[in-house]
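Below are some notes for a colleague who is opening this structure without having seen it before. They are numbered so that each point can be checked against the model in turn.

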Amino acid sequence: MSLSSLAQQIHLWLLGHMSEQWTLVLEMIIAGILVISFFAVLGLVLVYMERKVSAWMQIRLGPNRVGPKGLLQSFADTLKLLIKEGLTPDGADKFLFNIAPIGAIMVSMLLMAPIPFAKDFQMWDINIGVLYVSAVSSLSVISILVAGWSSNNKYSLLGAMRSGAQIVSYELSAGMAIMTIVILSGSLSLTEIIQSQQNGWWLFKGHVPVIIAFVIYIIAVTAETNRAPFDMAEAESELTAGFHTEYSGMKFALFFLAEYVNVFIVCAIGAILFLGGWMPLHIGEWTAFNHIMDYIPSSIWFMGKTFGLIFLIMWFRWTFPRLRVDQLLKLEWNYLLPISMINVVLVTALAILGWYFK
Amino acid sequence: MSATQILFWFLSALAIVSALSVVISKNPVYSVLSLIITFFAVSGHYILLNAQFIGIVNLIVYAGAIMVLFLFVIMLMNLNQDNEPQKNKWLKMAGVVSGGCLMLVFVAAFKTSEVNGKIAQTIDGNIGLTETLGKALFNEYVVPFEISSILFLSAMVGAVVIGKKGD
């Protein structure tokens with residue numbers, strides 16, 4: 001029983017019981033509820049994972065008191081954040097201050113739409129999925145800027161400005177890295193990009209240029225999601241908490257959740273572009289191995305690859321020291337951008353000459 | 001009313017209201033944010049016309065890049081209602097009158113134009129798809145396209161030159 005057949009059965013059952021319009025409305029509601037509950041679960045899982053990973057890296061135990069192995073720790077934290085008072089500072093711009101966290105979470109929700117979670121299991125199969133993702137993810141900076149400005153606090157404004165400069169510049173090399181795969185697969189649709197990797201993932205098929213693109217993509221999205229070593233926007237030792245210094249309670253939790261969901265989404269896009277999304281791992285003509293791999297459900301492949309990349313990004317956070325602002329901008333404009341520009345030209349030559357593995 | 005029509009009227013109302021609030025709101029930050037909402041509504045219209053590529057590019061270029069820079073500059077300058085110079089009352093009146101004249105001309109022009117007779121193709125029109133657009137840009141309009149790219153390049157070089165002046 002796969003996820004797509006389950007969705008199909010629900011669709012047919014609803015069609016059998018009511019008119020087409022109501023089916024559409026009900027399916028939208030179901031999708032909305034699923035996305036919201038997925039958000040909640042994702043937040044809990046990723047916070048727990050981050051704390052355990054960091055503890056493991058630093059030879060500590062991590063959360064271990066609430067529930068078995070500390071599994072309920074994130075629940076306890078969420079409950080605490082829910083019942084805390086959501087304070088609005090006196091000097092803040094009240095309307096923008098309260099709407100900024102909602103904007104941040106809305107952008108993350110919009111990004112969920114084109115992601116194929118399993119074979120044929122996707123909310124909106126838009127034919128320009130890749131462009132849609134890069135367009136919508138570039139909007140996340142607006143809510144960060146608004147949050148920093150409306151707090152009426154120097155730390156917040158500085159954090160927001162840093163974050164703005166960082167996201168706008170790193171978007172370029174992330175876009176270039178995405179473009180290499182678009183050139184190779186000849187399509188902007190996420191479904192077709194995955195289909196093009198049936199006989200091997202682009203990371204393996206595309207020689208060195210795709211590996212360079214993958215490395216650049218991972219660096220750029222780490223910066224875009226404001227995570228260490230690029231967490232200039234909320235550098236605790238310099239800016240208290242950056243753009244969300246003044247936020248408390250549920251509004252803070254929404255920013256926190258949006259950050260983790262964005263990490264999930266960029267890793268999911270990375271898995272789709274470079275690691276074949278829900279495509280199982282196949283090794284050439286080794287039929288026995290390929291058949292065993294086919295038995296693993298596509299949703300598990302997708303989640304496995306995505307969480308592998310999330311682990312990589314968490315690993316960065318606990319390994320590298322934070323960059324300075326000038327180093328950060330120098331890395332992008334002096335190194336990553338020229339390299340990725342040359343890389344795009346290389347990949348174009350590769351695609352035209354057909355030198356990648358087919 | 002079909003779903004497309006409901007969406008069309010909703011997006012149109014949103015576009016007009018937010019465009020008005022760009023002009024009306026006293027705080028420049030609110031103006032920029034309203035402009036972003038206007039771009040969203042216009043992108044929605046593009047997507048209703050099945051021109052998804054243009055809609056998304058509109059979002060990337062305007063809402064994602066240009067408006068972020070606008071926000072950046074306005075927030076750093078920290079313009080407030082108090083220290084913003086208030087325009088003369090007569091100047092405001094003159095602005096309203098000339099704007100109204102422009103609208104009158106537009107209405108008169110569009111009343112007799114051919115736009116009336118054409119119904120926009122929604123859902124199955126393919127004029128805005130990436131492939132159609134790319135073929136049109138690189139076959140029929142390749143010279144203007146390249147010339148405009150040179151224009152952008154010169155603008156970028158100019159920005160670098162101005163930025164380097166201090167050193």
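1. The model is a predicted one. A convenient place to begin is F274(A). Leaving aside neighbours within four places in sequence, F274(A) is in contact with A177(A), I181(A), Q197(A), W201(A), W202(A), L203(A), V210(A), A213(A), F214(A) and Y217(A).

2. A second, separate core of ten residues is also found, and A174(A), I216(A), A220(A) and L336(A) are among its members.

3. The largest nonpolar core has 101 residues. Those that touch the most other members are M112(A), I142(A), L145(A), Y217(A), F264(A) and F274(A). The element that gives the most to this core is helix α12 of chain A (residues 249-275), with 16 residues.

4. Q197(A), one of the contacts of F274(A), deserves its own entry. Q197(A) lies in the loop between α8 (190-195) and α9 (202-205) of chain A. Is Q197(A) buried or exposed? Q197(A) counts as buried because its relative accessibility is 0%, and the cut-off for buried is under 20%. Its side chain reaches the backbone nitrogen of G276(A) at 3.0 Å. Not counting residues up to four places away in sequence, Q197(A) touches W202(A), K205(A), I272(A), L273(A), F274(A), L275(A), G276(A) and M279(A).

5. F289(A) is found in helix α13 of chain A, which covers residues 287-295. With a relative accessible area of 19%, F289(A) is buried, since the limit is under 20%. Beyond its neighbours within four places in sequence, F289(A) is in contact with L281(A) and I283(A). From C-alpha to C-alpha, F289(A) and S143(A) are 47 Å apart in space, and 146 residues separate them in sequence.

6. Helix α5(A) is mostly covered, eight of its nine residues being buried. The buried residues are G129(A), V130(A), L131(A), Y132(A), V133(A), A135(A), V136(A) and S137(A).

7. Next, the interface of the two chains. In chain A, 23 residues are in contact with 21 residues of chain B. The area buried between chain A and chain B is about 2,000 Å², and carbon and sulfur atoms give 82% of that area. On the chain A side, I142(A), W149(A) and M161(A) lose the most area to chain B, together 26% of what that side buries. I142(A) also appears among the residues that touch the most other members of the largest nonpolar core.

8. Which interactions between polar or charged groups cross this interface? The rule finds zero salt bridges between chain A and chain B. The count of residue pairs in polar contact is likewise zero, with both residues required to be at pLDDT 80 or more. The elements that give two or more residues to the side of chain A that touches chain B are α4 (94-112), α5 (129-137), α6 (140-150) and α7 (154-185). The residues of that side divide into 18 nonpolar, four polar and one charged.

9. Chain B has 167 residues, of which 22% count as buried. Its secondary structure comes to six helices and zero strands. Among contacts in chain B with a separation of 6 or more, 61% are between residues 24 or more positions apart.

10. How many salt bridges does a search of the whole structure find? Over all chains, the search finds three. One of them joins the side chains of R317(A) and E50(A), at 3.3 Å from N to O. This pair links distant parts of the chain: R317(A) is in helix α14 (residues 298-317), E50(A) is in helix α2 (residues 20-57), and they are 267 residues apart. R317(A) counts as partly exposed at 25% relative accessibility, whereas E50(A) counts as buried at 4%.

11. The side chains of D77(A) and R51(A) also meet in a salt bridge, at 3.1 Å from N to O. D77(A) is in helix α3 (residues 73-83) and R51(A) in helix α2, 26 residues apart. Both are partly exposed, D77(A) at 24% relative accessibility and R51(A) with a relative accessible area of 33%.

12. D326(A) forms a salt bridge with R324(A), and the closest N and O atoms are 3.0 Å apart. D326(A) is partly exposed, with a relative accessible area of 43%.

Definitions and conventions. Residues are numbered from 1 along each chain as its sequence is written. Chains are lettered from A and ligands numbered from 1 in the order in which they are written. This is a predicted model: local features need pLDDT of at least 70, side-chain atom pairs count only at pLDDT 80 or more; totals for chains, interfaces and linings use all residues. Side-chain values use heavy atoms; hydrogens and water are left out. Helices (H or I, at least four residues) and strands (E, at least two) are DSSP runs, numbered from the N terminus. Buried means under 20% relative accessible area, exposed over 50%, partly exposed in between (1.4 Å probe, protein chains only). Contact means heavy atoms within 4.5 Å. A nonpolar core is a set of buried Ala, Val, Leu, Ile, Met, Phe, Trp, Tyr and Cys residues joined through side-chain atoms within 4.5 Å. Buried area is the accessible area (1.4 Å probe) that two parts lose on being put together, summed over both. A salt bridge is a side-chain nitrogen of Lys or Arg within 4 Å of a carboxyl oxygen of Asp or Glu. A polar contact is a pair of N or O atoms within 3.5 Å; within protein, one must be able to donate a hydrogen and the other to accept it, and residues adjacent in sequence count only if both atoms are side-chain atoms. Ala, Val, Leu, Ile, Met, Phe, Trp, Tyr, Cys and Pro count as nonpolar, Asp, Glu, Lys and Arg as charged, and the others, Gly among them, as polar.
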